[in-house]
Amino acid sequence: MQPSLVAKYGEARLPRYTSYPTAPRFSPAVDADTYGGWLDAAPLDKPASLYLHIPFCRSMCWYCGCHTTITQRDRPILDYLDMLREEVRLVSARTRAPLTIDYVHFGGGTPTIMRPEEFLRLTALLREHSDFANTAEIAVEIDPRTLEPDMAKALGEAGVCRTSLGVQSFDPVVQKAINRIQSEEQTLDAVTRLRTAGVDSINFDLIYGLPHQTVESCIATAQAAVRMGPERFAVFGYAHIPNFKKHQKLIDEAALADAEGRIAQAEAIAATLVAAGYRRIGLDHFARPDDSLAIAQANGELHRNFQGYTTDACETLIGLGASAIGRMAGGYVQNEVPPGLYAQHIASGRLATVKGYRLTAEDRLRASIIERLMCDFGADVPAIATAHGFDPQLLLQGNTKLAMLEDDGILDNADGVIRLREEGRFLIRAVAAAFDAYIEQSRRTHSKAA
């Protein structure tokens, strides 16, 4: 990919499109009362998903862009879990009957920071207030440095079938520069404990664009990770936003790669994983050919949500915990971000939703096109528009951004049937942005991400 094209389209300043519209469009116009009404109307004949946010870690990784709090004490975690369980009860009381649950995802922070007995208690409560499908998938994000044997065993007992381990980089120079020291041995120990506990699928998170990272160190990390046998990889670009995440000021900006260097690192990791037998999934995921993610992509059934690429097709996503985002038929909702303020809402017996977005028919159309582009690197715009009851010319006529992308050889456009060329895959977000009605606001307020 020519560096001039990356600079031209400002890929580093574009949203990741894990939702549409993106979070900068959320406003207080959608509040707890709105969410309560949407819960009342939640369809009972369709499955739903759950996302639970655990916003605590034992130490701060300087690259982190997540909503998390550092604590060495268990008391704040236990108090938070009390409020989280109460939110489960509040939300379930607003639906007409227990929802059928197909997917559960624990994110953070570090979800496994809680005690094993607390994790089992929480998952038991979820099952008490919901109808878990027999094939329900429970996934948990894990810091391998702190995964104890008892916690791994509890994950197995709770029915967790998928875990995501933060690896980022095995290069000791990079680890020191991001304040995350994690040996290959620690990571392999975590994998072994999870396998012993019966966890069938393991994902590794890798990051490129970190300080002092090189193409060679990216390849070495990917090769070491492959030897541990995870089923999936997610490979993300470091988002340097020190104005929003103050701890990132501890990272030396002079040690960060430029746009061309970041692309070289990303492609080196991708080539290493593909050579090891993994299928490239969308922009930044990789999976073994027999993994459900690879099968979904082959069948045109891949989806994208706040956790990235997924097989989860549920229209209803219930977000639980501080900062958690949910999605209902009517739109998006987000809880209060600071754990203390979140707790005040829940302790008062009210939902913690403080902002969100009410979807329009046109939003749903654009969201569908953007999801197909992000998942399939192509989209039949006329067919999708017609299915949504719109004239495709609304999106195609006068679309100068799309025309520019075609002129630059990034995509082919046959009467609105769009297909990215192989060499243009890295600019998929620029193609998606051509259908984003709110892109200028997103550019001003969205974090830098690759």
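Which residues of helix α4 are buried? I would like to start there, and I should say at once that what we are looking at is a predicted model. In α4 the buried residues are Glu-118, Phe-119, Leu-122, Thr-123, Leu-125 and Leu-126. When we look down the axis of α4, those buried residues fall within an arc of 155 degrees, so they line one face of the helix. As background, an α-helix has 3.6 residues a turn, so residues three or four places apart point the same way.

The helix itself runs from residue 116 to residue 129, which makes 14 residues, and it reaches 20 Å from its first C-alpha to its last, close to the 20 Å expected at 1.5 Å a residue. As for what the buried residues of α4 pack against, the list includes the strands β1 (48-54), β4 (100-108), β5 (131-142) and β13 (316-320), and it also includes the helices α3 (75-94) and α5 (149-157).

Let me stay with α3 for a moment. Two packed helices are described by the angle between their axes and the distance between the axes. For α3 and α4 the angle is about 5 degrees, and the axes are 10 Å apart; the two helices are therefore roughly parallel to each other, since angles under 35 degrees count as such. On the α3 side the residues that meet α4 are Leu-78, Leu-81, Leu-84, Arg-85, Val-88, Arg-89 and Ser-92, and on the α4 side they are Glu-118, Arg-121, Leu-122, Leu-125, Leu-126 and His-129.

A second pair of helices can be described in the same terms. Helix α8, residues 215-226, and helix α9, residues 259-275, pack at an angle of about 30 degrees, with their axes 9 Å apart, and α8 and α9 are therefore roughly parallel to each other. If you follow the pair on the screen, you will find that α8 passes α9 in a right-handed crossing. That contact is made by Val-215, Cys-218, Ile-219, Ala-222, Gln-223 and Val-226 of α8, together with Ala-264, Gln-265, Ala-268, Ile-269, Thr-272 and Leu-273 of α9.

One further helix is α12, residues 361-376, which has 16 residues and reaches 23 Å from its first C-alpha to its last, close to the 22 Å expected at 1.5 Å a residue. Its buried residues include Leu-365, Ile-369, Ile-370, Leu-373 and Met-374, and also among them are Asp-363, Arg-366 and Arg-372. Just after α12, Phe-377 takes a positive phi of about 60 degrees.

That brings me to the backbone. Most residues other than glycine have a negative phi, and most peptide bonds are trans. With that in mind, where does this model have cis peptide bonds that we can point to? One joins Tyr-20 and Pro-21, with omega at about -10 degrees, and Pro-21 lies in the loop between α1 (3-9) and α2 (32-40). Another joins Gly-108 and Gly-109, with omega at about 10 degrees, and Gly-109 lies in the loop between β4 and α4, which leads us back to the helix I began with.

Positive phi values deserve a word as well. His-212, although it is not a glycine, has a positive phi of about 70 degrees, and its place is in the loop between β7 (201-208) and α8. At 42% relative accessibility, His-212 counts as partly exposed. Asp-415, also a residue other than glycine, has a phi near 55 degrees, and Asp-415 is found in the loop between β18 (411-414) and β19 (417-420). With a relative accessibility of 74%, Asp-415 counts as exposed.

To finish, here are three individual residues. Is Val-199, in the loop between α7 (184-197) and β7, buried or exposed? At 3% relative accessibility, Val-199 counts as buried, and, leaving aside its neighbours within four places in sequence, Val-199 is in contact with Val-160, Cys-161, Arg-162, Thr-163 and Leu-194. Thr-135, by contrast, is found in strand β5 and is exposed, with a relative accessible area of 70%; from Thr-135 to Ile-101 there are 34 residues in sequence and 9.4 Å in space, C-alpha to C-alpha. Finally, Ala-29 sits in the loop between α1 and α2 and is exposed, with a relative accessible area of 61%, while the C-alpha atoms of Ala-29 and Phe-426, which are 397 residues apart along the chain, are separated by 36 Å.

Key:
Residues numbered from 1 in each chain as written. Predicted model: local features only at pLDDT ≥ 70, side-chain atom pairs only at ≥ 80, totals over all residues. Heavy atoms only, no water. Helix = DSSP H or I, 4+ residues; strand = E, 2+ residues; numbered from the N terminus. Expected span 1.5 Å × (residues − 1). Buried < 20%, exposed > 50% of the residue type's maximum accessible area, 1.4 Å probe, protein only. Arc of directions from axis to C-beta. Contact = heavy atoms within 4.5 Å. Axes fitted to C-alpha atoms, helices over the stretch in contact; angles between N-to-C directions. Parallel < 35°, antiparallel > 145°, perpendicular 65-115°, else oblique. Left-handed = near helix turned anticlockwise from the far one by under 90°.
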